[in-house]
Amino acid sequence: MSRKLVAIGNPAAGGDDDETRRAVLRALGDEADVVTCVVEEPGDIDRVLDRHPDRAPVVLGGDGSLHRVVAALRARGELGTRPVGLVPMGTGNDLARTLGIPLDPRQAATLVPRGVERPLDLLVDDQGGIVLNAVHVGVGALASEQATPLKPLLRRAAYAVGALVAGTRARGWRLRVRVDGQVIADGRRRILMVGVGNGGSIGGGTPLAPAARPDDGLADVVISYAVSPWSRLVYGLLLRRGRHGRLNEVTTVRGTSIAIDGEPVPANLDGELRPAAPRWSWTLRPAAWRVIAPGG
């Protein structure tokens with residue numbers, strides 16, 4: 001019996017062109033029973049899920065679009081019963097990179113009908129918000145803020161430009177960081193960035209936590225103290241290559257409970273910007289949802 005799917009996307013969000021979208025829908029329809037729904041407003045996702053309770057949602061979009069669908073399923077109590085497919089049509093597509101989902105939308109679409117359901121971990125904050133791939137506070141969030149207006153023109157390159165601008169401006173924040181109750185940073189040194197990786201990369205392939213795995217029951221926490229101008233430059237260059245962990249100014253630990261407090265600092269959750277706040281915290285929930293991923 002063919003898989004029953006509901007393809008969810010927003011063509012107006014600035015993803016791939018109409019021809020690519022049509023090719024994706026044809027590829028899905030070749031091997032599965034598919035209906036297509038356009039979502040434009042926040043409430044549209046719930047209406048689609050209500051209308052098609054027996055179908056697995058397939059997100060035609062990036063990390064932010066996938067985040068919103070998984071959040072809706074969690075709020076409905078349906079994460080345990082409805083796996084989620086992904087055809088990467090966003091700007092960064094970082095979770096797809098971690099999962100080995102092809103970045104070519106047409107190729108990815110051919111794999112969804114016969115993919116396997118893979119349990120993945122989920123980061124949950126103390127107000128019920130979620131993180132699928134990664135969250136970072138500090139300079140990385142500032143970089144995303146700078147990159148956002150550039151995405152329609154520069155696409156993935158917007159992240160590099162945003163990082164350059166943010167890196168010249170950021171002076172760091174005094175933050176306390178605890179992982180599983182242990183104090184990792186006591187707030188006396190300024191911190192450039194704290195990253196929490198369930199997946200390995202951010203910003204379209206930058207390997208923030210290259211050893212992170214989204215199904216191993218642990219989050220990778222990366223703390224950078226590289227706040228001087230020279231240190232920021234070196235950190236940025238090595239971060240792009242996934243070699244920043246070798247710096248003395250970088251600490252990496254693993255755990256299931258992460259708390260950050262101190263000076264108000266902005267955050268980026270799965271590509272979604274959040275304004276500066278004095279406290280952030282997340283708890284990892286193992287095997288909390290299922291993605292339809294390539295088998296074998």
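**Exercise 1. Helix α3 and its buried residues**

Task: In this predicted model, determine which residues of α3 are buried, and check whether the span of helix α3 agrees or disagrees with the expected one.

Solution: Begin with the accessibility of the helix, where the buried residues are Asp-63, Gly-64, Leu-66, His-67, Val-69, Val-70, Ala-72 and Leu-73. Turn next to its length: helix α3 covers residues 63-76, and at 1.5 Å a residue its 14 residues should span 20 Å. The C-alpha atoms at the two ends of helix α3 are 20 Å apart, which agrees with that expectation. Finally, look just past the end of α3, where Gly-77 adopts a positive phi of about 75°.

**Exercise 2. From Val-59 to the nonpolar cores**

Task: Establish whether Val-59 is buried or exposed, list what Val-59 is in contact with beyond its neighbours within four places in sequence, and then find which residues touch the most other members of the largest nonpolar core.

Solution: Val-59 belongs to strand β3, which comprises residues 56-61. Its relative accessibility is 1%, and because buried means under 20%, Val-59 counts as buried. Once the neighbours within four places in sequence are set aside, Val-59 is in contact with Ile-8, Ser-65, Leu-66, Val-69, Val-84, Gly-85, Leu-86 and Val-87. Two of these names, Leu-66 and Val-69, also appear among the buried residues of α3. As a further check on the fold around this strand, the C-alpha atoms of Val-59 and Pro-88 are separated by 7.9 Å, although the two residues are 29 residues apart along the chain.

The next step is the core itself. The largest nonpolar core has 43 residues, of which Leu-28, Leu-66, Val-87 and Trp-289 touch the most other members. It is α3 that gives the most to this core, with 5 residues. For Val-87, the contacts outside its neighbours within four places in sequence are Val-24, Val-58, Val-59, Leu-60, Gly-61, Pro-105, Ala-108, Ala-109 and Val-112. Apart from this, there is a second, separate core of 25 residues, including Leu-123, Val-135, Val-196 and Val-265.

**Exercise 3. Strand β8, its partners and Asp-261**

Task: Describe which residues form the covered and the uncovered face of strand β8, state how many bridges join β8 to β9 and how many join β8 to β13, and then place Asp-261.

Solution: First assign the faces of strand β8 (residues 173-179): Trp-173, Leu-175, Val-177 and Val-179 make up the covered face, while Arg-174, Arg-176 and Arg-178 make up the uncovered one. Next take the partner strand β9 (residues 182-191), which runs antiparallel to β8 and is joined to it by 6 bridges. Within that pairing, Arg-174 stands opposite Arg-190 of β9. The two strands form a hairpin with 2 residues between them, and Asp-180 in the turn has a positive phi of about 55°.

Then turn to β13, which is likewise antiparallel to β8 and is joined to it by 5 bridges; here Val-177 has Ile-260 as its bridge partner. Asp-261 lies in this strand β13, which runs over residues 257-269, and with 15% relative accessibility Asp-261 counts as buried. Its side chain makes a polar contact of 2.6 Å with the side chain of Arg-176. Beyond its neighbours within four places in sequence, Asp-261 is in contact with Arg-174, Leu-175, Arg-176, Arg-178, Pro-278 and Arg-279.

**Exercise 4. Salt bridges around Arg-76 and Arg-290**

Task: State how many salt bridges a search of the whole structure finds, and work out which residues are joined into one network with Arg-76.

Solution: The search of the whole structure gives 17 salt bridges. One of them joins the side chains of Arg-76 and Asp-50, with an N to O distance of 2.9 Å. Arg-76 lies in helix α3 and Asp-50 in helix α2 (residues 42-51), so this pair ties together parts that are 26 residues apart in sequence. At 25% relative accessibility Arg-76 counts as partly exposed, whereas Asp-50, at 51%, counts as exposed. Arg-76 also forms a salt bridge with Glu-78, the closest N and O atoms being 3.2 Å apart, and Glu-78 counts as buried at 16% relative accessibility.

Another salt bridge joins Arg-290 to Glu-117, with the closest N and O atoms 2.1 Å apart. This pair links distant parts of the chain, since Arg-290 is in strand β14 (residues 272-293) and Glu-117 in strand β5 (residues 116-125), 173 residues apart. Glu-117 counts as partly exposed at 37% relative accessibility. To complete the task, salt bridges that share partners join Asp-46, Asp-50, Arg-76, Glu-78 and Arg-82 into one network.

Definitions and conventions:
Residues numbered from 1 in each chain as written. Predicted model: local features only at pLDDT ≥ 70, side-chain atom pairs only at ≥ 80, totals over all residues. Heavy atoms only, no water. Helix = DSSP H or I, 4+ residues; strand = E, 2+ residues; numbered from the N terminus. Buried < 20%, exposed > 50% of the residue type's maximum accessible area, 1.4 Å probe, protein only. Polar contact = N/O pair within 3.5 Å; in protein donor to acceptor, adjacent residues only side chain to side chain. Contact = heavy atoms within 4.5 Å. Expected span 1.5 Å × (residues − 1). Core = buried A, V, L, I, M, F, W, Y, C linked by side-chain atoms within 4.5 Å. Pairing = 2+ DSSP bridges. Salt bridge = Lys/Arg side-chain N within 4 Å of Asp/Glu carboxyl O.
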